Structures are given as structure tokens and as C-alpha cells.
Amino acid sequence: MATDMASLNNNCQGGESSGSSIPMTSPQTGENVHVEAVFSEFYDEVKAIEKRDSVLTSKQQIDRLTRPGATYFNLNPYDVLQIDPDTPLSEVKKKYRQMSILVHPDKNPDDLDRSQKSFEAVNKAYKTLENEEGLKRCKEIVEEAKTRTDEMIRLKKKQLKKEGKPQEVPEDDLDKYKHAIYVQTCKLFADLERLRQERETKDMHDRKRKAEEEAAEEEKKKMEKEWQKNFEESRTGRVDSWRTWNKKAKKTSKGNLKPPKLKAEKR
């Protein structure tokens, strides 16, 4: 994944919840301040453009889908296609066709590289949502984002009550509440992508290690087989050499053997 995602995601990563593959993040802590600001800036700019032009031009769509940090946001298929999570599949398909035409490389020959990246992002988003399993997973992520947003609001109000202050938070405003859900949704998509990459890297290392072990074992067997072959091939030569040596030894031994001299007995 690009550096955009890594740098943004570092501020919102957490461990995995037990019983669920959706990673956990803190409801609202100091470490999230920077990423919240980045999200807010991006969100406000995009919404400002959408308000000015509900369709967006080819250039505006390409700018939106390739601007710094977009790699992170493009993990969210709803954000890529600019639709609500409860949008019917028929409407999703219409939006996909409309947007894919706008950013298609053939329509943007003067901006091929960025248009190709934009088209790929749009295509990937649609394929995720048209797939039954992918759509189910995305809806689960949105529901989880809502749950975490509600919990964040509850904790904020609890703290305000503890401090004796009015229990009013920015998220009481519907637009800000939707924005908070959007932020949490993007974080969850990014965290899941991070976990997917980690699993993929681990699997790759495991496969590499296994392949190296199998290659080493195969080389060992090959060497043992070669040694055994050479040993068998040289057996006759070793036996003949030993027999030749043995004959020579016996011959030498017989040729040099002399009977002992007898001494006359003295009386």
C-alpha cells in the first residue's frame, strides 16, 4: 500500500477484537487528533466540490481519486463511488457506469496515468459491492463504524456530565454525526487492509521458507544418491585393488621365507 495509507493509518491502528476480524481502535483519544484533522480537511473539500457540482467533471473526479491521501480513502468503496451504504445495487451500477465513463483513460488521453489509477479504483469499488460476500462485509464495517461512533459520543457525554458541563457534543448535529461515521468507516477499511497485507507478507515468507527447506532437502537427497552411486561404481575397483595387493603380499612372503638353521648337539 502506498505511503499515504501507512502514514495516516499509523494514527488509528489497534488490535483485533476477540470474536471479530474487524480491528479495534480507541473511541476518541489524543492520538487520533491528527488523523481526524486530515479526514475533516479531505471530507470538507470533497463535499464542497460535490455541492458546487453534483456530477463532477472528469478532471474533478480524477483529482478526487488521486489526490494525496486518496489511496487511504479509496479503500472505502462507498467513498469512491460517492454513494450511501444503503444505496440499492441498481443505483450503484448506474453510478459506477457514470463515473467509469468520466475517468476512463480513453476519455482522458492527456492524463493517462492518473485516469488509469482512477478507473481502477472505481472498478475495484464496484466489484466489491456487486459481490454478495463483499457487500455483506462492507455493510458489517459500516455497522461497526456506527457502533463505535455511538460509543464515542456516549463517552464524551459521560465525561461532560462528570465535569458538570452541558452534555452537548458536535456529533449531535446530523451532518457531523454522519461525518464521524464516515471517519470511522474509512479507518476500519484501512485497518482491514493493513491486516490483509500483514497476513499476505507472512504467508509469502512462510512459502519462501518452506520452498528453501524443500530445496535444501532435495539437494541433500541428491548428494546422498550421487555418493551412493559413486560408491557402488568404485566397489569393483576397490575389490580388485585389494586382491592384487593381497597376492603380492603372499608372494613376497613365500619368496623370503627360509627354514631355521639346525645347530649340532653337543655332548
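User: Leaving aside its neighbours within four places in sequence, which residues is H104 in contact with?

Analyst: Happy to start there! In this predicted model, H104 is in contact with S115 and F119, once neighbours within four places in sequence are left aside. H104 itself sits in the loop between α6 and α7.

User: Why is H104 called partly exposed?

Analyst: Buried requires a relative accessible area under 20%, and exposed requires one over 50%. H104 has 28%, so H104 falls in between and counts as partly exposed.

User: How far is H104 from S58 in space, C-alpha to C-alpha?

Analyst: Their C-alpha atoms are separated by 8.6 Å, although the two residues are 46 apart along the chain.

User: S58 takes us to α3. Why are α3 and α6 described as roughly perpendicular to each other?

Analyst: The axes of α3 and helix α6 (residues 89-103) cross at roughly 95 degrees and come within 8 Å. The label roughly perpendicular covers 65 to 115 degrees, and the crossing angle lies in that range, so α3 and α6 are roughly perpendicular to each other.

User: Which residues meet where α3 packs with α6, and what classes do they fall into?

Analyst: From α3 come S58, Q61, I62, R64 and L65, and from α6 come M99, L102 and V103. By class, that contact has five nonpolar, two polar and one charged residues.

User: What makes α3 roughly perpendicular to α7?

Analyst: Helix α3 (residues 58-66) and helix α7 (residues 112-130) have axes that cross at roughly 75 degrees and come within 9 Å. Set against the 65 to 115 degree range, that angle qualifies, so α3 is roughly perpendicular to α7. On the α3 side the contact is made by I62, D63, L65 and T66, and on the α7 side by R114, S115, K117, S118 and V122. These residues divide into three nonpolar, three polar and three charged.

User: Which residues of the largest nonpolar core touch the most other members?

Analyst: Y78, L81, I83, V92, V103, V122 and L129 do, in a core of 30 residues. The elements giving two or more residues to this core are α3, α4 (70-73), α5 (77-81), α6, α7, α8 and α9 (174-233). The largest share, eight residues, comes from α9.

User: What does I83 touch, not counting residues up to four places away in sequence?

Analyst: I83 touches Y78, V92, K95 and L129. There is also a second, separate core of five residues, among them M152, I153, L160 and A180.

User: A180 makes me curious about T149. Why does T149 count as buried?

Analyst: T149 has 0% relative accessibility, and the limit for buried is under 20%, so T149 counts as buried. T149 is placed in helix α8 (residues 132-162). Not counting residues up to four places away in sequence, T149 touches Y177, A180, I181 and Q184.

User: What makes T147 partly exposed?

Analyst: T147 has its place in helix α8 too. Its relative accessible area is 48%, which lies between the 20% and 50% limits, so T147 is called partly exposed. T147 and Q184 are 37 residues apart in sequence, yet their C-alpha atoms are 9.6 Å apart in space.

User: How do you know that C138 and C186 are buried?

Analyst: C138 has a relative accessible area of 3%, which is under 20%, so C138 is buried. C186 has 1% relative accessibility, and the limit makes C186 buried as well.

User: How many disulfides does the structure hold?

Analyst: Zero. To count, a pair of cysteine sulfur atoms would have to lie within 2.5 Å.

User: What is notable about the phi angle of Q82, and why does Q82 count as buried?

Analyst: Phi of Q82 is near 55 degrees, a positive value in a residue other than glycine. Q82 lies in the loop between α5 and α6. Its relative accessibility is 18%, and that is under 20%, so Q82 counts as buried.

User: How many helices and strands are there in the protein, and what part of its residues counts as buried?

Analyst: There are ten helices and zero strands. Of the 267 residues, 30% count as buried. Among contacts between residues at least 6 apart in sequence, 66% join residues at least 24 apart.

Note on methods:
Residues are numbered from 1 along each chain as its sequence is written. This is a predicted model: local features need pLDDT of at least 70, side-chain atom pairs count only at pLDDT 80 or more; totals for chains, interfaces and linings use all residues. Side-chain values use heavy atoms; hydrogens and water are left out. Axes are lines fitted to C-alpha atoms, for helices over the stretch in contact, and angles run from 0 to 180 degrees between N-to-C directions. Helices (H or I, at least four residues) and strands (E, at least two) are DSSP runs, numbered from the N terminus. Angles under 35 degrees count as roughly parallel, over 145 as roughly antiparallel, 65 to 115 as roughly perpendicular and the rest as oblique. Contact means heavy atoms within 4.5 Å. Ala, Val, Leu, Ile, Met, Phe, Trp, Tyr, Cys and Pro count as nonpolar, Asp, Glu, Lys and Arg as charged, and the others, Gly among them, as polar. Buried means under 20% relative accessible area, exposed over 50%, partly exposed in between (1.4 Å probe, protein chains only). A nonpolar core is a set of buried Ala, Val, Leu, Ile, Met, Phe, Trp, Tyr and Cys residues joined through side-chain atoms within 4.5 Å.
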